[in-house]
Amino acid sequence: MWLDRFAAQQQPGRNNSPPPSNRSSPLPRRTSRSGGISPYTTSQQQRPGISPRGSSLSLVSNDSSSSLLASSRRANGSALRQSTTVDDAPDPEEVLARILGPLSVDVAPAQHSSSTGITEEDLELEFDFGGLSLRELAESDDADQLETVDTYRPQTVEDFERDKAKFEELHRSIRACDDILNSVETNLTSFRNDLAAVSADIESLQARSTALNVRLENRKAVEKALGPIVEELSVSPMVVSKIAEGHIDEAWIKTLAEVDKRAMAHKKNSQQQTQNKALADTGPLLEKLVLKAIERIRDFLVAQIKALRSPNINAQIIQQQNFIKFKDLFGFLNRHQPVLAGEICQAYLNTMRWYYLNQFTRYEKALLRLKLHVLDKNDVLGHDDSPTTRRTTLLSSSKLAPGAPPHDAFNLGRRIDVLKNNNNLAISSYLAEEDTSTHYLETVFRNFNLALIDNATAEYTFLAGFFSPALSYGTISRHFTQIFEPTFSVGQQLTRQLVSETYDALGVLLCLRLNQKYAFELQRRRIPSVDSYINGTGMELWPRLQSIMDAHRESVKTFTNGLGTKQPTAAVAKAASAAPHVVTQRFGQLLHGILALSTEAGDDEPVVASLRRLGGEVERFLEGWSRTRFGEVEGRKGKRFLYNNWSLVLTILGDVALEGEGKMGREFVGWVEGLKGKYQEDG
């Protein structure tokens, strides 16, 4: 709008056509389609001294529009190519010329006429007056408003000067915007070039990535095929250094396992017909490395075996710390040098054979220093211990040898505690040598055999853990027997020495029960190699127990035969006592002890038959004694005497009779009760 007012300004000093009437038509101005000047636009007048093109604001300048129009014609997108589009719009200069009018003579040589004619096209326009006539429209307020809006008054110099600063500021702003747009254009151009370079780099990287993926897949396939072969053939310098110079520990064992794996693979591959150069190159190195490992293993094991021969050494500590932890050494040695492994094994067997023999020989001597109760042939059941021929002493005991400690050959007492005691520790050699108390023979037997089976268990467990799976369990059992054979001989010799001359039936039976207990314990521990020793010990004890029981029976038989058949006189029968005989007391105590030790035994043991024979002999003795002291056995006093004796036996049996445990106990308790009831009828 301000352009229209600027164009309509009249300059002083020139004759121009009079301005149009103040009352202009309310119709909208329309530009002629033929390109002429609108009849409603005043002709442009030139002010004195001011060129129409001399303003700081050049309306026809193409400084800013050129870049904008050019940039608008650039193609958008990332195709990175600039496309040109033909513009069918009219020329901007022509449009400005139609708006502002013809140029002045100074600027444009071909100035258009300033005539304001009305064409036929203007007459053909249809106007909408809102249902009003022209007069009504002119007199209405809307007409004033239209006049106010559409009527242009000429600008004065003062108005122009007042608005000049605004226009110049607007021009500077447009220039600044144009500069900014030029900078944006430069940045966008640079960004487009950079984006094109990045796109090219991405395409290059994609191509390289695809190529690398293909190469990676190919290498994985090759590595999968060749990896195991290379692993079997390669030996790192670290492995060689560790085997040759490293300290033998857990890490050395792991390195040895790696060398063993490669050596076995090389041995397997060398047996094939086709061999490659890598296999031929690594073969000598592996052989030398294996030989070096064998040498170091030999020296290590020999040093440990020598340590076992040191005085006052605990072999089990060395076995656990220096042998079991390195049991793979013997397996490696047995696979690569079986002859040397056999020699090392034999050296160990000889050393331990000497070790156990020496230790148990010393322990046997220490145990034999214990004071023991001596039970000889004077402690048999029918021995007469009275100073005269009187044999009716009630509840008497055996006489003691001069200087001998007191003991009871027929009373079990607390001796059974050695069987029921849960203490699995044997007395040490030092304590045995310092002990001044007196013991029975089962004490020595228990301590020696308890120590023996504990050491045998430890040794068999070590042999099975160290030498297997290199050696079979049959071979290990033979090695165990080789080690303990002399020690077992010492144990059996000690057993024979303890029971060969004794008449302690309860002591020998206690040794038998201890031997059976150790047999069950060895079965629980799964140590079958000691069974031969256990069986041999039992073969030493059972015959001796039978011999002692026969000695008791023979003594009673001899006693019975010495009674004679002479009938007593009335005075002798009257003076005779009906109290139980000492043989009855001894028999009751012996029977109680045997039954208490046989609660879990069957009726097929040899002691059962011996006890039956002994009981029958005691029964005949009591009947013979009653006959020689009271006349007829069926007499009143004789029956009382027999009733009292069997009552004493039943009383001694006591807890065995009440508990009734074991087949043997029930059998003999019933037998004694039958004899007691037999003589109770008339008693």
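A salt bridge is a side-chain nitrogen of Lys or Arg within 4 Å of a carboxyl oxygen of Asp or Glu. The model is predicted: local features need pLDDT of at least 70, side-chain atom pairs count only at pLDDT 80 or more, and totals for chains, interfaces and linings use all residues. Residues are numbered from 1 along each chain as its sequence is written, and side-chain values use heavy atoms, with hydrogens and water left out.

**Figure 1. Overview of the protein chain.** The protein chain has 25 helices and 2 strands. Helices (H or I, at least four residues) and strands (E, at least two) are DSSP runs, numbered from the N terminus. Of the 683 residues, 37% are buried; buried means under 20% relative accessible area, exposed over 50%, and partly exposed in between (1.4 Å probe, protein chains only). The chain exposes about 40,000 Å², and carbon and sulfur atoms supply 53% of this area. Accessible areas come from the Shrake-Rupley method with a 1.4 Å probe; for residues, only the protein chains shown count as cover. Contact means heavy atoms within 4.5 Å. Taking contacts between residues at least 6 apart in sequence, 82% join residues at least 24 apart.

**Figure 2. The salt bridge between E667 and R612.** The closest N and O atoms of E667 and R612 are 2.8 Å apart. E667 belongs to helix α25 and R612 to helix α22 (residues 606-630), so this salt bridge ties together parts that are 55 residues apart in sequence. E667 counts as partly exposed because its relative accessibility is 30%. R612 is also partly exposed, at 43%.

**Figure 3. Salt bridges that involve helix α16.** The structure holds 19 salt bridges. One of them joins E442 and R415, with the closest N and O atoms 3.0 Å apart. E442 is in helix α16, while R415 is in the loop between β1 (371-372) and α14 (417-420); the two are 27 residues apart. E442 and R415 are both buried. A further salt bridge links R525 and D454, at 3.2 Å from N to O. Since R525 lies in helix α18 (residues 505-525) and D454 in helix α16, the pair ties together parts 71 residues apart in sequence. R525 has a relative accessibility of 27% and so counts as partly exposed. D454 is likewise partly exposed, at 27%.

**Figure 4. Aromatic pairs of F330.** A search of the whole structure finds 23 aromatic pairs. Rings of Phe, Tyr and Trp (its six-membered ring) pair if their centres lie within 6.5 Å; planes under 30 degrees apart count as stacked, over 60 as edge-to-face and the rest as tilted. The ring centres of F330 and F466 are 5.8 Å apart and the planes meet at 40°, so this pair is tilted. F330 is in helix α12 (residues 327-336) and F466 in helix α16 (residues 441-467), 136 residues away. Both F330 and F466 are buried. F330 also pairs edge-to-face with F467, at 4.8 Å centre to centre and 85° between the planes. F330 lies in helix α12 and F467 in helix α16, so the second pair ties together parts that are 137 residues apart in sequence. F467 is buried, as is F330.

**Figure 5. Packing around helix α12.** The buried residues of α12 are L329, F330, G331, F332 and L333. These buried residues pack against α9 (250-270), α10 (277-308), α13 (338-368) and α16.

**Figure 6. An aromatic cluster.** Y355, Y356, Y460, F480, F484, F488 and Y533 form one cluster.

**Figure 7. A nonpolar surface patch with L226.** V222, L226, I229 and V230 make a patch of about 330 Å². Patches are made of residues with over 30% relative accessible area and no salt bridge: like charges are joined within 9 Å, and nonpolar side chains (Val, Leu, Ile, Met, Phe, Trp, Tyr) within 5 Å. L226 is in helix α7 (residues 157-233). With 44% relative accessibility, L226 counts as partly exposed.

**Figure 8. Residues apart in sequence, viewed by C-alpha distance.** G677, in helix α25 (residues 663-678), is 34 residues from Y643 in sequence and 7.9 Å from Y643 in space, C-alpha to C-alpha. G677 is partly exposed, with a relative accessible area of 30%. K637, in helix α23 (residues 636-653), has its C-alpha atom 9.0 Å from that of S577, 60 residues apart along the chain. K637 counts as partly exposed at 28% relative accessibility.
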